[in-house]
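Hi everyone, thanks for coming along. Let me put the model up on the screen, and then I'll talk you through some of its helices.

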Amino acid sequence: MKRKLLLMLAGVMTALCVTGCVKIIDKGTEGQYTGETEFDAASNSGGDWEKVVAEITENAVDLSGQAEEGIDKVCAVSASGKVKEYESKANGKKNALILEVEGCDDTVKVQIGSIYSGTDVRDIQTIKNFESFTNQTEWSQYAKALNAQVDSQVVAPLSIDDSVVGKTVTLVGAASASGGEITITPVSMTIE
Amino acid sequence: MRKLVLGIMATALAGCLFTGAAMADETEKAELLPGGGSNIIYIITPSTSNPFFNTEQVVGSAKAEELGYEVKCFSHDDDAAKQLEYFEAAITDKAAAIICDNAGADASVEAVQKAYDAGIPTFLIDREINESGIAISQIVADNAQGAAAIAEKWVEAMDYEGKYAELLGLESDTNCWVRSENYHAVIDEYDTLEMVAQQSANWDQTEAYEKTEAILQANPEITGIICGNDTMACGATQACIDAGRDDIKIIGLDGSDEAAAYIKDGKMVGTALQQIAAITEMAVEQADEYLKGTAPEQEKQLVDCIAITEENVDNLSAFVYTEK
């Protein structure tokens, strides 16, 4: 009974909330009224990055052991292999390494930016989910922000160029497969 | 005056806090809505003249009947008042549950709330509403992911460079911007791709045809057109064909059979399939489980779109993707 009363009271007050006052607020100044500042995916992902890397590293399966089953879904993988090719597209803005991974028949492609495709890193982490965000656009910006972390934390410090061909790359990352090609977005990587 | 404003704000805040507390209490107890008492499931969607919404009614009915329910289907024609009437009919009919592709994120809250108050659970498909806690499920296609995925394919098809035009959907519609923003999230990373025209064709095929004709005359240098849905993409494609421009790379979003036919013919680069048949089946299954005592884990659920190009277009038919 008490609960019902509370609910009714809440209902009335919500109605007041909605209909009581209407004020037109200029676009971009909402934060001054609501305390909610504009969604900032970059700062949102920054604090998560270490946790995301730790989780993906912990769940990573060795790609060379997946030769027969293949990978059908997005998954966390670790892999090591010799660089066969340094692929460069879009005037050098979309680059990738093609790896020779023992025991894996598919083409293994590692995204090395600076433009990254897909949402694989976001999709295999569980630190945040869709319900952590207000809408689809923020959820998709979060994926982009994580990819930006891939570039700044993992790839850029290695200063990769075409001299990498023939060297051995060891990495952990988020992988997905399509048409006989496995694409990996690295969350940690070394080159020797 | 200032005091009055503060007073109103304080009341509003208190209201919000109270509602929050009451809702938390609700979830903890996890009391389920009982349904109206009959064995009827209502399926309420936009006009079935669009094959996308027709699929919702056809697939939803089949699934619900398979699970032993009686089904009644209605189209609200994107009219919130009409939608409310059907919800009221469902309440009078003591419906067990309502499956709905709603007539507006804000305008539909009232109808869903009425059903909730009458103990009838609503399961929303395709479009979200701007309210949590009154629908049991909100299952939508991930438009942001779908737009980005097909934009990637388009950028490749454009070979990462050139000028292009964009046809936007209805500008009052949330999905119009979700799609556009996520096309641009991918495309704008390439400064070699330049948008020279952006116009709304309001999701409409004829309008898209006419706008494309005009754009081709004003900006003959374009080599690509990105469209907010397949209906507009098909209009744009036909305009390009009629103008003898087979060099223009076009994408849409939905996964309609008409778009699939153009993709097969090489006239369109691709589309992103919103798996509406799968989404509708999920909603009906969740309604059935809910009525039997198990609520879905999450209210808001996203279903990935599938990027469709000539490589996999043969797997697509009537909004259903079957790996062959």
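I'll begin with some ground rules, then take chain A, the contact between chains, and chain B.

This is a predicted model, so please keep the thresholds in mind: local features need pLDDT of at least 70, side-chain atom pairs count only at pLDDT 80 or more, and totals for chains, interfaces and linings use all residues. Residues are numbered from 1 along each chain as its sequence is written, while chains are lettered from A and ligands numbered from 1 in the order in which they are written.

Chain A has six helices and six strands; these are DSSP runs numbered from the N terminus, H or I with at least four residues for a helix and E with at least two for a strand. Reading from the N terminus, the order is α-α-α-α-β-β-β-β-α-α-β-β. Of the 192 residues in chain A, 35% are buried. Buried means 20 or more other C-beta atoms within 10 Å of the residue's own, exposed means 12 or fewer, and partly exposed is in between, with C-beta atoms placed from the backbone. Taking contacts in chain A between residues at least 6 apart in sequence, 66% join residues at least 24 apart; a contact is two C-beta atoms, placed from the backbone, within 7 Å.

Now zoom in on helix H4 of chain A, residues 49-59. Its buried residues are A:Trp49, A:Val52, A:Val53 and A:Ile56. They span an arc of only 95° around the axis, which puts them on the same side of H4(A); the arc is taken over directions from the helix axis to the C-beta atoms. On the other side of H4(A) you'll find A:Glu50 and A:Glu58, both exposed. As a reminder, an α-helix has 3.6 residues a turn, so residues three or four places apart point the same way.

Where do the chains come in? Helix H6 of chain A (136-155) and helix H6 of chain B (174-187) have axes that come within 10 Å and cross at roughly 10°. That makes H6(A) roughly parallel to H6(B); the classes are under 35 degrees for roughly parallel, over 145 for roughly antiparallel, 65 to 115 for roughly perpendicular, and oblique for the rest. Axes here are lines fitted to C-alpha atoms, for helices over the stretch in contact, with angles from 0 to 180 degrees between N-to-C directions. A:Gln136, A:Thr137, A:Ser140 and A:Lys144 of H6(A) meet B:Val178, B:Glu181, B:Asn182 and B:Ala185 of H6(B).

Over in chain B, helix H7 (205-218) packs on helix H8 (230-242) at about 45°, axes 7 Å apart, so H7(B) and H8(B) are oblique to each other. Among the residues meeting there are B:Tyr209 and B:Leu216 from H7(B), and B:Met232 and B:Cys240 from H8(B).

Helix H4 of chain B (109-117) has B:Ala111, B:Val112 and B:Ala115 as its buried residues. Their arc is only 95° too, which puts them on the same side of H4(B). They pack against helix H3, strand E3 and strand E4 of chain B. After H4(B) comes B:Gly119, with a positive phi near 80°.

Last stop: is B:Phe123, in strand E4 of chain B, buried or exposed? B:Phe123 counts as buried because it has 26 C-beta neighbours inside 10 Å. Beyond four places in sequence, its contacts include B:Ile99, B:Ile136 and B:Ala283.
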